[in-house]
Amino acid sequence: MSLWKKTAAALMMAAGTFAATTALTPAQAQPLEGGELYQGEQALYDAAREEGLVVSFDTGPTWANWAAQFKAFKARYPGVEIVYNDLGSAATVVALDKSRNRPQADTAYYFAGSALDAAEKGVVADFKPVNFDRLPEPFRHPSGQWFTIHSLNVAFLVNTKLVKQVPRSWADLLGETYRNSVVYLDPRTAGQGQVVTIAAAFGNGGSMDDVQPGIDYLGRLHKAGNVLRTVGTTPYAQFVKGEIPIWIGYENDGLKAKYVDGMGDDVAVVIPAEASAAAPYAISLVKDGPNPNAGKLWLNYIMTDKGQTTFAEGFVRPSVPGVKLPAEVLAKLPEAPQIRPVDVARARDAKPAIDAGWAKAVLGQ
């Protein structure tokens with residue numbers, strides 16, 4: 001077995017389930033069912049079948065409806081296996097950098113700020129997928145070294161069995177009613193925590209160029225005694241178990257808890273009335289990856305209207321403007337005009353100020 005196939009096998013074992021049951025098979029001509037989704041899809045599929053595999057870094061199946069994307073991709077492209085891992089955004093960039101002389105990944109997914117780091121390190125390739133030109137300019141690298149594929153909105157996820165009066169605004173959350181109720185991610189170690197701080201800034205008179213109001217707000221929330229704890233990783237399981245009264249997290253987790261994981265009306269998903277933030281997530285084709293055609297096939301697929309709709313079916317907002325979503329999907333995604341997009345470059349530049357400012361305001365360091 002070649003070194004590469006040994007690596008692929010290890011990744012499949014790490015992935016644990018989905019990919020491990022399907023053997024790699026020799027490429028055979030196979031027309032696409034229902035014709036092409038975009039011009040050139042059949043030729044790219046034929047080339048990808050010769051490679052037989054795509055290695056997708058950091059697309060953990062429980063995050064952002066990736067499991068459904070894997071299933072749909074496999075159904076459309078028989079003979080092209082897909083394997084994945086779940087490293088985390090910053091760790092993905094480190095892994096790409098360490099393996100730059102012998103890349104193991106074909107694609108890499110991360111919070112968009114990490115995508116800028118990957119581009120600066122020279123570990124990702126130019127590639128403009130389907131619908132690339134429909135993305136707003138702030139959400140794509142000029143030559144396609146990264147592009148956003150969806151966004152996640154900051155929201156209050158409220159367990160209504162534990163909290164009788166649902167907070168509707170950042171101001172509400174400072175009230176005595178919510179003593180020892182709030183959980184959110186530490187902004188020094190988690191991208192979601194950074195975005196929560198920016199959302200709090202938006203809701204308290206700040207901006208991408210002035211995140212101090214968000215830092216000050218979180219400091220007041222702690223001093224009011226309303227923060228139960230900050231955590232290092234997403235506390236979704238604890239929330240669904242009923243262990244967290246209010247989680248300042250991402251909207252899609254609340255909607256998943258509500259519609260998929262059994263909480264129903266026991267969870268309220270609230271976009272703060274003053275303002276909130278939409279965090280863009282991006283993906284890249286890895287430079288000199290082992291399966292470039294399969295990588296392009298994968299990236300093109302998730303950027304088609306069909307792929308973007310699959311994100312929405314997991315309560316994740318598509319990045320491509322104008323994608324027509326089914327009515328039953330739209331009905332579960334609340335209108336929220338007060339949401340403002342996070343500027344990718346300025347968010348990365350603001351991180352040192354958020355890290356230091358939060359530690360001083362909350363921990364007194």
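Biologist: How much accessible surface does the protein have, and what share of it belongs to carbon and sulfur atoms?

Modeller: The accessible surface is about 15400 Å², and carbon and sulfur atoms account for 52% of that. Keep in mind that we're looking at a predicted model.

Biologist: Got it. What makes you say the radius of gyration agrees with that of a compact globule?

Modeller: Set the two values side by side. A compact globule of 365 residues would come out near 21 Å, and the protein has 21 Å, so the value agrees. If you'd rather think in terms of a box, the C-alpha atoms fill one of roughly 65 × 40 × 35 Å along the principal axes.

Biologist: And what's inside, in terms of helices and strands?

Modeller: There are 14 helices and 12 strands. Of the 365 residues, 55% count as buried. Also, take the contacts between residues at least 6 apart in sequence: 75% of them join residues at least 24 apart.

Biologist: Let's pick a pair of helices. Why is H7 called roughly perpendicular to H8?

Modeller: H7 covers residues 191-202 and H8 covers residues 212-223, and they pack at an angle of about 100° with their axes 7 Å apart. Angles from 65 to 115 degrees count as roughly perpendicular, so H7 and H8 get that label.

Biologist: Which residues make that contact?

Modeller: From H7 you have Thr197, Ala200 and Ala201, while H8 brings in Pro213, Gly214, Ile215, Tyr217 and Leu218. By class, six of the contact residues are nonpolar, two are polar and none is charged.

Biologist: Now H11 and H12. How do you know that H11 is roughly perpendicular to H12?

Modeller: Helix H11 (residues 292-303) and helix H12 (residues 305-313) pack at about 65°, and their axes are 4 Å apart. The roughly perpendicular class runs from 65 to 115 degrees, so H11 and H12 are given that name.

Biologist: What does each helix put into the contact?

Modeller: H11 supplies Tyr301, Ile302 and Met303, and H12 supplies Asp305, Lys306, Gly307, Gln308 and Phe311. Here the classes are four nonpolar, two polar and two charged residues.

Biologist: Moving on past H12, what stands out about the phi of phenylalanine 315?

Modeller: Phi there is near 70°, a positive value in a residue other than glycine. Phenylalanine 315 sits in the loop between H12 and strand S11 (317-318).

Biologist: Why is phenylalanine 315 called buried?

Modeller: Buried means under 20% relative accessible area. Phenylalanine 315 has 6%, so buried is the right word.

Biologist: Which glycine has its C-alpha atom 9.1 Å from that of phenylalanine 315?

Modeller: Glycine 254, which is 61 residues away along the chain. Glycine 254 belongs to helix H10 (residues 251-259). Beyond its neighbours within four places in sequence, glycine 254 is in contact with Leu157, Val267 and Val269.

Biologist: What makes glycine 254 count as buried?

Modeller: The same cut-off of under 20% applies. Glycine 254 has 0% relative accessibility, so it counts as buried.

Biologist: One more residue: where is asparagine 180?

Modeller: In the loop between helix H6 (170-173) and strand S6 (182-185). Its phi is near 55°, again a positive value in a residue other than glycine.

Biologist: And why is asparagine 180 described as partly exposed?

Modeller: Under 20% would be buried and over 50% would be exposed, with partly exposed in between. Asparagine 180 has a relative accessible area of 48%, so it is partly exposed.

Terms used: Residues numbered from 1 in each chain as written. Predicted model: local features only at pLDDT ≥ 70, side-chain atom pairs only at ≥ 80, totals over all residues. Heavy atoms only, no water. Axes fitted to C-alpha atoms, helices over the stretch in contact; angles between N-to-C directions. Helix = DSSP H or I, 4+ residues; strand = E, 2+ residues; numbered from the N terminus. Parallel < 35°, antiparallel > 145°, perpendicular 65-115°, else oblique. Contact = heavy atoms within 4.5 Å. Nonpolar A, V, L, I, M, F, W, Y, C, P; charged D, E, K, R; others polar. Rg over C-alpha atoms; globule rule 2.2 N^0.38 Å. Buried < 20%, exposed > 50% of the residue type's maximum accessible area, 1.4 Å probe, protein only. Areas by Shrake-Rupley, 256 points an atom, 1.4 Å probe, with all protein chains shown as cover.
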